[in-house]
Amino acid sequence: ALFLTVSCRKEGTNMKKKDYLIIGGILLVHLFLLFYLKFTAWPEISLWPYLLTKGWLPYSDIAIAHTPLAIFDLAIFYKIFGTDVLQLKIFTWSLILLSDTLIFFLVKKIWKKKAAFLSLIFYIFWMLFYDGNGFWFDLYMGIFAFCSFYFARSRKWLLAGVFWGLSFISKQTAIWFLVPILLEMIINLQHHYVRNNVINYRLLAGKFMRFVAGGFIVAIIFIVILWSIGILSDFWNWAFHFGIFVLPKAQGQIQLPDTKTLFASLLPFTIFVPLVIKSKKYLILILWAIAGMLGTYPRFEYFHFQPALFYLAIIGALVMSEKKNLLLKIFIPIYILGSLYLMFRYFVRNFSEGTRFHESEVVEIVDYIKYNTQKGDRIFVLNYWDNIYALTETLPSTKPWVPQLSWYMEEPSIQEKMVEDLISNPPKLIVYKPYTSTGLSSYVPKKVYDYVTENYKIESNIEGIEILSK
């Protein structure tokens with residue numbers, strides 16, 4: 001991705017020093033906002049790479065339903081710089097600023113400088129609104145998918161295939177981007193290889209095979225790496241069999257928004273309307289955006305929109321760059337007012353709100369565990385945030401580590417194996433949050449819970465979170 005931005009910068013002929021100063025200023029403003037808005041430090045994103053740095057293997061030692069490139073990347077970063085929240089923020093903000101740079105230079109290469117500036121502003125505006133201030137697989141995968149979009153637009157099909165392959169091993173929902181990629185291929189190739197209403201299918205097939213070859217290169221390297229470290233079958237079990245065929249149908253996994261949330265989440269995408277009415281040539285961009293939105297199913301969350309925001313930003317820039325007709329003169333002021341209202345509400349809720357999953361309660365628990373354990377000691381977290389292991393530099397007593405959610409814990413022999421590990425490798429402390437009557441934290445893994453309550457007693461209580469000892 002960095003290579004792309006540098007190469008586009010070298011090819012640019014109409015960039016002035018003033019333009020670079022403006023871009024630098026915009027990026028600094030973005031970084032300032034990221035610093036002061038609520039940051040989400042997802043517990044899994046702290047735990048999984050941390051365990052990899054301790055020699056645990058994904059899939060065989062850690063039950064992960066996602067493809068692993070993002071976790072591998074973050075584990076390398078953690079291995080070099082450490083595993084605290086600050087390192088996670090630096091890694092995440094670096095990715096976000098890279099996304100900013102990519103969208104400016106790639107849009108400038110395909111369209112115009114004005115569209116590039118507007119796209120950058122639109123992207124920053126909406127990535128904040130869609131909970132982009134936190135590292136999750138969608139943010140990471142979206143960068144590779146956007147690079148694939150650029151190479152598809154440039155008719156460099158081998159590289160388009162390579163970057164799509166990288167996006168797929170970052171998150172499985174990249175599969176949806178195959179639809180707009182193939183449509184781009186058909187449109188571009190028919191435009192260049194139709195003579196006298198006859199399609200040169202040989203050339204068409206050749207370009208298609210270049211794309212397939214690019215994805216195949218990534219797949220082969222990826223499979224060889226998994227096979228060489230002995231986790232290929234475990235990867236198939238968790239990331240494909242479980243992640244694709246079991247997880248989406250699991251009870252409690254489907255989480256749909258209420259009407260108000262759905263309306264707010266789709267309002268930014270109403271900017272598609274004037275573009276569709278005015279010209280059909282941009283319909284393919286809308287298809288790219290839709291492909292990026294499909295990760296919101298089955299579990300609807302705002303941050304799942306992140307891969308779609310590149311294309312929302314481009315479409316917004318193109319609409320604003322269009323010569324204003326009556327429709328646009330009416331639509332744009334309404335759209336801007338609605339957008340400002342959504343962003344105002346977002347800022348009210350999130351400005352100076354600190355770090356989610358690293359509140360004062362979590363810090364107090366981490367300090368208590370650090371004082372009563374040593375690095376590398378075994379503990380067990382029951383119905384609480386799993387980032388406790390990484391923040392205290394301890395290890396789980398159970399191996400493999402499995403998320404304490406019903407769709408994982410009800411898999412055959414999972415709970416039995418956890419109890420065996422708790423017996424053979426008893427944790428020095430257990431962090432336990434009492435179960436609730438509703439929500440995800442209401443699920444009780446009965447066999448694990450029974451063993452813990454029969455063999456451990458309360459040693460301390462920190463803001464309702466119990467610390468248990470044997």
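**A five-stranded mixed sheet and its helical neighbours**

In this predicted model, five strands build an open sheet of mixed pairing, arranged in the order E6-E5-E7-E9-E8. Strand E6 (395-396) and E8 occupy the edges; each has a single partner strand, so one side of each is left without a neighbour in the sheet. As a general reminder, the strands of a sheet pair through backbone hydrogen bonds, in either a parallel or an antiparallel manner.

Strand E9 offers a convenient place to look at this sheet in detail. E9 spans residues 465-469 and is mostly covered, with 5 of its 5 residues buried. Its side chains alternate: Ile-465, Ile-467 and Ser-469 point one way, while Glu-466 and Leu-468 point the other way, and all are buried. On one pairing, strand E7 (residues 429-432) runs antiparallel to E9 and is joined to it by 3 bridges. Within this pair, Ile-430 has Leu-468 of E9 as its bridge partner. On the other pairing, strand E8 (residues 457-462) is also antiparallel to E9, here with 5 bridges. Two positions help to trace the register of E8 against E9: Lys-457 stands opposite Ser-469, and Asn-461 has Glu-466 as its bridge partner. E8 and E9 together form a hairpin with 2 residues between them, and Glu-463 in the turn has a positive phi of about 50°.

Helices also meet the sheet. H17 lies across E5, E7, E8 and E9, and runs at about 135° to E8. H21 packs on the sheet as well, where it touches E5, E7 and E9, and its direction makes about 120° with that of E5.

The loop between helix H17 (360-372) and strand E5 (378-382) contains Gly-376. This glycine is partly exposed, with a relative accessible area of 40%. Apart from its neighbours within four places in sequence, Gly-376 is in contact with Glu-393, Thr-394 and Leu-395. The C-alpha atoms of Gly-376 and Gln-415 are separated by 24 Å, the two residues being 39 apart along the chain.

Gln-415 brings the description to a helix pair, since it takes part in the contact between H20 and H21. In general, two packed helices are described by the angle between their axes and the distance between the axes. The axes of H20 (residues 414-424) and H21 (residues 446-455) come within 8 Å and cross at roughly 20°. The two helices are therefore roughly parallel to each other, and H20 passes H21 in a right-handed crossing. Besides Gln-415, H20 contributes Glu-416, Met-418, Val-419, Leu-422 and Ile-423, and H21 supplies Lys-446, Lys-447, Val-448, Tyr-451 and Val-452. By class, the residues of this contact divide into 7 nonpolar, 1 polar and 3 charged.

A second helix pair is formed by H5 (residues 85-110) and H6 (residues 113-129), whose axes come within 7 Å and cross at roughly 150°. H5 and H6 are therefore roughly antiparallel to each other, and their crossing is right-handed. From H5, the contact draws on Ile-96, Ser-99, Asp-100, Ile-103, Phe-104, Val-107 and Lys-108. From H6, the contributing residues include Ala-115, Ala-116, Phe-117, Leu-120, Tyr-123, Ile-124 and Met-127. The contact of H5 with H6 has 11 nonpolar, 2 polar and 3 charged residues.

Conventions. Residues numbered from 1 in each chain as written. Predicted model: local features only at pLDDT ≥ 70, side-chain atom pairs only at ≥ 80, totals over all residues. Heavy atoms only, no water. Buried < 20%, exposed > 50% of the residue type's maximum accessible area, 1.4 Å probe, protein only. Helix = DSSP H or I, 4+ residues; strand = E, 2+ residues; numbered from the N terminus. Pairing = 2+ DSSP bridges. Axes fitted to C-alpha atoms, helices over the stretch in contact; angles between N-to-C directions. Parallel < 35°, antiparallel > 145°, perpendicular 65-115°, else oblique. Left-handed = near helix turned anticlockwise from the far one by under 90°. Contact = heavy atoms within 4.5 Å. Nonpolar A, V, L, I, M, F, W, Y, C, P; charged D, E, K, R; others polar.
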